[in-house]
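Reader: Before I rely on the labels in this model, I would like to see how each one follows from its value. Could you take me through a few of them?

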Amino acid sequence: IFHLSEQSNTDDALTCVHLLSSLAATPGTEPEMTELSGLFVEKPQSTIAIKGKDITFVAKVDSSTLLRKPALKWLKGKWLDLGSKAGKHLQFKESYDRDSKIYTYEMKIVKVVDGDAGGYRCEVTAKDKCDSCTFDITVEGRQDKPTLSSSSRGEAGEDEGELDFSGLLKKRSESVLLLRQRMWPYSEEVDVWSILKKAKPCDYEKIAFQYGITDLRGMLKRLKKMKVEPKKCDAFLKKLEAAYSVDKGKKIQLTVEVANPDAQIKWLKNGTEIKPSAKYVFESVGNKRKLTINKCTLADDAAYECVIGEDKSFTEVFVKEPPVTITKLLDDLHVVVEDKVEFEVEVSEEGANVKWMKDGVELARDGKYRFKKDGKKHWLIINEASKEDIGMYYVFTNGGESKAELEVEDKELEVLQSIADLTVKAAEQAIFKCEVSDEKVTGKWYKDGVEVKASNRIKMVHIGRIHKLTIDDVKAEDAGDYTFVPDGYALSLSAKLNFLEIKIDYVPRQDPPKIHLDTTGSMVNKNTIIVVAGNKLRLDVEISGEPAPTVCWTKGDNVRKCCGPAWVITETEGRVRVDNRKTLSSFVIEGAERGDEGRYTITVTNPAGEDKAELFIKVVDVPDPPEGVKCMGVGEDTATIIWEPPKFDGGSPIKGYLMERKKVGSSRWTKLNFDIYESTSYEAKKMIEGVLYEMRVFAVNGIGVSQPSCSSKPFMPIGIIGDNLTFGRLERRSTWSFPSRSAVARGLTGRSLSNECPQFQLLPRQLEHSFTHKHTHTQSLLDIAQGKPRPVVNWFKDDEPLDPKKVSVRTTEVDTILFIRSAERDHSGTYTLSVQIENMEDKASFEIRVVEKPGPPLAVRVTDVWGFNAALEWKPPKDNGNSDISGYIIQKADKKTKEWFMVYEHNRRPNCTVSDLVMGNEYVFRIFSENICGLSDEAGLSKNTAVIAKTGLAYNRPPYKEKDLNTSPKFTQPLQDRSVIAGYSTAISCSVRGRPKPKIIWMKNKTIIGEDPKYLMQNNQGVLTLHIRKPSLFDGGNYSCKAVNELGEDVVECKLEVRALAVEKENKK
């Protein structure tokens, strides 16, 4: 068989093709020059070098079709990479031309020596593309050619290139054909490996050349393995064959026979153990062990081993790839210029590679040629055929070829429509039109033999396959013969233009003008149009009349004309304009405004008469905002608001109103209603007493919502005061009537009325209770008093006159102010205001209490500790800050970490229980007091600590009960039937379990085997083995093993068959 090794690749196959081609050539002839193909633009050429001189080789690669930079290697022989030898003797250089996108690679050999002679290879790769070329160096003065003997290879060394078979390979145009003629016959008739095994080592190179094996290193390794003399092995009765051959896609079975049926074997592939799978199937039948490889691929071409202990059996599997044949041949094609050409071929296998050639030159993928592959089908596509594409096209596979001829003819121009004679009148239009088969064909027009030139009146048009000559406003001099001549074709199309002159007295037609007004669309009734303010209005009015009438638009007394001194409006000028055409007049308003509303009149006139039409344009808009928003009354949390409707309703009736309110000083407005409110008065609810508010109102009509109204004046909701009033500790002690709280508003002052009793006018409800103020804060109180004549005002604290050094008082005609600049605890007390007019007097009292932070709790101690809990108690602080204690905050800390953690917040009682403490830790506690001013500055620490002691833990083990392990004998692995060859020692094995240790008895045909030296009995940890030394035919029979102890017994049996070896030898003979 012809076989490439696992290390061979596509380049090896190509090298093999070159090898056979060169072997077929006549000895002594010069090798043909390598033609430029693939990626190379310029290849290094074979040369003769002068010893001691420098020599340079250049290779150029075209990267215009590559996605990344190509990689180039310089090789000597087949394996030696010269890149690793770079130095003083070998120098490499690389350059790139951005304009031509060509990489230039140079290899320079400095001072050539005899060892530089030999074959060289230059290989370039770029992603999925590759190319290579070979060249030779002959050093002048050397008579010997590269030898093929093993002795010369040993002297020169691998790097000298003496065994460089690639250097002998030259590309020839008929290489593929020679390969098919010389290589494939050997693959069917000759087993090369059998020839090599029988040949002498000195003949290996000759045989390799003869049968096309280029990987000599792989060949020698494989022969070395095949020629290893197998040592005698007792584990195998029959080993694997030296080699197996299988076709790709088929299955193969490797079989060995082992001496011990119970022996464990391993299958290895290239030294790696094979695991059972759907591809690799293991079988064990008696002494035979089988490995089945399903659906073999090229990856299964490898060395296989069967291993039993230290014994091994080797073999090699060769996978033959069937040649790819052509199942559907190429067809000859006959096309015309610029037609698309598709050569189609079908091969026997999917994904196979094919090679396209034209007249012996390989075709490359470029802009002209495209290759397409779909399953078994392959196409060669030429987009636009030309005369240069005429020739014979070939397609090659490794198992067949096909050829077809391509003929390309010039395309004939076909006239699809010729030009016709025309007869036209003066001022009419003449059109000559023709149509040809090719839309790319251009041409020229001639009149009476003179080329026609394009002008304003004469136009020449070429659209696709149609050519037109148009003459507008025909005159008498345009008459003549017109010809169209296509460029590049001996063809012409002619027609004649006849001029017809007719004299007619012209009487102009007159029709009275008429307006055709469309009353549909935005017209609510006849001739009335509604437009929303800000929108665009365009009114198109159709008019008729002959001659064309003059259009005039008027609004009231104003005239808008398209012409005349009053107002000239162009088509793109002005917000309000008129656009006139022959039969249409358009009235346009850009962004309608209220001032555009009114009655418009359109008048059309011409010499035959006049017509008029009236239109009323109504502009609708959102209403103006409401006016006069004000507060008419307040309650405890309500206020009554009224307003007036807007002056202008926007041309649409008012549907209702929307209200909003906000606090004075805030910028956030809150909606009070989401549904439209129809009335002009509204009662706002859910307001906060004593807070100033503002209101605003929106008007809503059918167009939208108006702008907000002006905000109302600020107002404050206040509750009504009853007859009995308590202000702090002030009680009214007379029956005087007090004014309503609704009269108290911002900026309100007391009015003086004649002979009026003194009255107090109070501030909002915040001052109706005892007044509490924080320490050091500034405080002022205002009381408003009314009465006439002016009342006498006196202030008292705890029924004693005020100390002016501590408290300041200011009294006016309408109010009195008590001012404390820096509040202290001493300022706490009951303050009384006395107002007196002649013999009438009224008093009001209130209490001021100045508070501050409390002191720490007292006597904090741990009263009890149990489990993971601790009980705490303490006493209230001495100083409560002039305010009730609102609670306590309890914290705990471990004495190891001293970090405080919160236990309780706002604990109201002077005791608590702390839970979830950690066993083995010691805790301390601290407690803060809390009132309305905050926490105390200091905390009360516990005088003692809480220790959570560890409790003793003892594990009581359950009594140990010894388990009875005594069992009767039981065989866990039985004896297996065996078939052995007479004269070869064998053994049978089983395993047993039992306690106490059972007694073992071996029997043959139910007879106890005694101390017969032929048998050796072993017991290793319950594994029982009976060895039979060189059994004869009489040793066959039924063997049994019995295990007996005091609790019972068990027996296993097997059959041993002994076969005669002499009979088998006679059968083989």
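Reader: What makes Asp798 partly exposed?

Author: In this predicted model, Asp798 has a relative accessible area of 44%; because partly exposed covers values between the 20% limit for buried and the 50% limit for exposed, Asp798 counts as partly exposed. Asp798 lies in the loop between strand E58 (792–797) and strand E59 (800–801), and its phi is positive, about 50°, although Asp798 is not a glycine.

Reader: How do you know whether Lys1006 is buried or exposed?

Author: The relative accessibility of Lys1006 is 72%, and since exposed means over 50%, Lys1006 counts as exposed. Lys1006 sits in the loop between E76 and strand E77 (1007–1008), and here too a residue other than glycine has a positive phi, near 65°.

Reader: Why is the peptide bond from Glu546 to Pro547 called cis?

Author: The bond from Glu546 to Pro547 has omega near 0° and is cis; Pro547 is found in the loop between strand E40 (537–546) and strand E41 (550–555). Another cis peptide bond, with omega about 0°, joins Arg995 and Pro996, where Pro996 belongs to the loop between strand E75 (986–995) and strand E76 (999–1004).

Reader: What makes a set of residues such as Phe40, Phe57 and Leu72 part of a nonpolar core?

Author: Membership requires buried nonpolar residues joined through side-chain atoms within 4.5 Å, and the largest such core has 27 residues, with Phe40, Phe57, Leu72, Trp74, Ile109, Cys122 and Phe135 making the most contacts inside it. Strands including E3 (55–62) and E9 (129–139) each supply at least two residues of this core.

How values were computed: Residues are numbered from 1 along each chain as its sequence is written. This is a predicted model: local features need pLDDT of at least 70, side-chain atom pairs count only at pLDDT 80 or more; totals for chains, interfaces and linings use all residues. Side-chain values use heavy atoms; hydrogens and water are left out. Buried means under 20% relative accessible area, exposed over 50%, partly exposed in between (1.4 Å probe, protein chains only). Helices (H or I, at least four residues) and strands (E, at least two) are DSSP runs, numbered from the N terminus.
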